[in-house]
Amino acid sequence: MKVNITETVLRDANQSLIATRMPYSDFEGILEKMDEVGYYSIECWGGATFDSCLRYLAEDPWERLRKLKSKLKKTKLQMLLRGQNILGYKHYPDDVVRKFVSCSIKNGMDILRIFDALNDFRNIEVAVDETLKCGGHAQGTISYTTSPIHNLENYVQLGKQLEGMGVNSICVKDMAGIMGPQEAYDLIKALKSKVKKPVFLHTHSTTGLAPITYIKAIEAGCDGIDTAISTFSGGTSQPATETLNYALNQIGYQTGLKSDMLKTINDFFRPVKDKFIASGVLDTYVLGTETDALVYQIPGGMLSNLIAQLKQQNALDRLDEVLQETPRVRKDLGYPPLVTPMSQMVGVQAATNVLLGERYKAISKEVKSYVRGEYGKAPGEVDPELVKKVLGDEKPITKRFADTLAPEFDKIKKELRGMCKTDEDVLSYIIFPQIAEKFFKEKEEKTATRVSYSIQKV
């Protein structure tokens, strides 16, 4: 049996370990060799890469995508898309979602892994539909979590829903690495017995369970897994590509990966990792095994962001308190899976509760929007006292929130005629207005400086 391997070093491993701070120049030199390894796909865009490119790396994310496509000619490019949230932290109108999907595919994306943080699939139907219309591969995603209200029957129903939407494949996304081997075996087995689409599994090494979980999932018929080249593996990242490749080959599965080339890839990334350790961006905390995550369920990217947030406030010593508060906040919000944007919302609220010394003394605007129903239907009951505190006598929204949003792409495009040169620029602005505006201005200034320099030189 063939097991498909997706390499995550360019996106999720980078996001989980170093808060997505790896510039294109750090990996450009190895891309053509990565293209020869035999990966099923290379996850390289989406998630937090878009935000990080604009905010921290002075890179145009669309240009990064085009450059990746020019180097990775044989291997499918894969991205993570937050459904109606696209790559931001709120819902966008349908016309913006469609435009983003079509531009992503036009600029080189092949596989769009599309999820909703609440598994409210009303929030991914437009993105899935547009992906299929544009000839892309729509991978419908189930955000995995454990709670008193999540069970095997519930997940199988979600899988059938996704198949009914016409997705090309299904991914079970375990953001916090909390899925145990038996849970993986039972869930994949149940899904494979009820749906005909290929089923993939994504997990993290946070709790140390991931390699065993992957093997049991594959025994149950899992079609593909996500791994990270060993230098950027482990901890809050994925298990090592080389290790899983070795183990799977030994027990009789084919991966199609060239083992000697994996060593070349890993050797290339060693000094890159050393650079991030030396600068302090790679905190050794995220490289360890944290079995407490089986309780607090915090995904890797969320944990690294939480550490950065507490460091900024000189409150890293209160991390344990925040981790203990996180599941309490999650329960209050009806047990949402901790995946972006819910993970950030729950994490920030937990930190606020701890640092202010009083629960919900201050409530973030995102949590207020969630309680109003703007993110979709909560999996369970939201704490009535919290609802009362946020809404008063107002009734929460029960219909698909995007249905309340007017189309805005063409309107904003006209308004930004002087600033934005392309549709892609307009999308960058819509998702991250202040950050994109700053990025465009700095880019314009650099161009003007270069032109001035060239004239003087002549």
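Start by selecting Lys389, and show whatever it touches: leaving out residues up to four places away in sequence, you should find Arg359, Tyr360, Lys361 and Ile363. Keep in mind as you click around that this is a predicted model. Lys389 itself sits in helix H18. Now add Val371 to your selection. Val371 and Lys389 are 18 residues apart along the chain, and their C-alpha atoms are separated by 10.0 Å.

**Stop two: a pair of helices**

Colour residues 365-372, which form helix H17, and residues 384-391, which form helix H18. How far apart are the axes of H17 and H18, and at what angle do the helices pack? The axes are 10 Å apart and the angle is about 110°. An angle from 65 to 115 degrees counts as roughly perpendicular, so that is the label for H17 relative to H18.

Next, show the side chains where the two helices meet. On the H17 side, pick Lys368, Val371 and Arg372. On the H18 side, pick Val387, Val390 and Leu391. Sort those residues by class and you get 4 nonpolar and 2 charged, with no polar ones.

**Stop three: helix H12**

Jump to residues 259-279, which make up helix H12. H12 has 21 residues, and going from its first C-alpha to its last takes you 31 Å. That is close to the 30 Å expected at 1.5 Å a residue.

Look along H12 for a bend. Where is the kink in H12? You'll find it at Phe269, shortly before the proline Pro271, and the kink is about 25°.

Now highlight the buried residues of H12: Met261, Leu262, Ile265, Asn266, Phe269, Val272, Lys273 and Phe276. Notice that Phe269, the site of the kink, is on that buried list too. What do the buried residues of H12 pack against? Switch on helix H1 (12-18), helix H2 (24-27), helix H3 (31-34) and helix H11 (241-250), and there are the partners. Before leaving, click Gly280, just after H12: this glycine takes a positive phi of about 90°.

**Stop four: Leu10 and its neighbours**

Select Leu10, in the loop between strand E1 (4-7) and H1. Is Leu10 buried or exposed? Its relative accessible area is 0%, so Leu10 is buried. Show its contacts, setting aside neighbours within four places in sequence, and a crowd of names comes up: Phe27, Leu31, Met34, Ile42, Glu43, Cys44, Thr49, Leu68 and Phe269. You've already met Phe269 as the kink site in H12.

**Stop five: Ala228**

From Leu10, go to Ala228. These two are 218 residues apart in sequence, yet 8.9 Å apart in space, C-alpha to C-alpha. Ala228 lies in the loop between strand E8 (224-227) and H11. Ala228 counts as buried because its relative accessibility is 0%. Not counting residues up to four places away in sequence, Ala228 touches several residues, including Glu7, Thr8, Ala13, Ser237 and Thr241. For another distance, draw a line from Ala228 to Ser169: they are 59 residues apart in sequence and 21 Å apart in space, C-alpha to C-alpha.

**Stop six: two positive phi values**

Head to Asn119, in the loop between strand E4 (111-114) and helix H7 (125-133). Asn119 is not a glycine, but its phi is positive, near 55°. Asn119 is also buried, because its relative accessible area is 10% and the cut-off for buried is under 20%.

Then try Tyr335, in the loop between helix H15 (319-332) and helix H16 (342-356). Tyr335 is another residue that isn't a glycine but has a positive phi, here about 55°. With a relative accessible area of 18%, Tyr335 is buried.

**Last stop: Val295**

Finish by selecting Val295 in helix H13 (residues 293-296). Is Val295 buried or exposed? It counts as exposed, because its relative accessibility is 61%. To end the tour, draw a line from Val295 to Val167: the two are 128 residues apart along the chain, with their C-alpha atoms separated by 32 Å.

How values were computed:
Residues are numbered from 1 along each chain as its sequence is written. This is a predicted model: local features need pLDDT of at least 70, side-chain atom pairs count only at pLDDT 80 or more; totals for chains, interfaces and linings use all residues. Side-chain values use heavy atoms; hydrogens and water are left out. Axes are lines fitted to C-alpha atoms, for helices over the stretch in contact, and angles run from 0 to 180 degrees between N-to-C directions. Helices (H or I, at least four residues) and strands (E, at least two) are DSSP runs, numbered from the N terminus. Angles under 35 degrees count as roughly parallel, over 145 as roughly antiparallel, 65 to 115 as roughly perpendicular and the rest as oblique. Contact means heavy atoms within 4.5 Å. Ala, Val, Leu, Ile, Met, Phe, Trp, Tyr, Cys and Pro count as nonpolar, Asp, Glu, Lys and Arg as charged, and the others, Gly among them, as polar. The expected span of a helix is 1.5 Å times one less than its number of residues. The bend at a residue is the angle between axes fitted to the seven residues ending there and the seven starting there. Buried means under 20% relative accessible area, exposed over 50%, partly exposed in between (1.4 Å probe, protein chains only).
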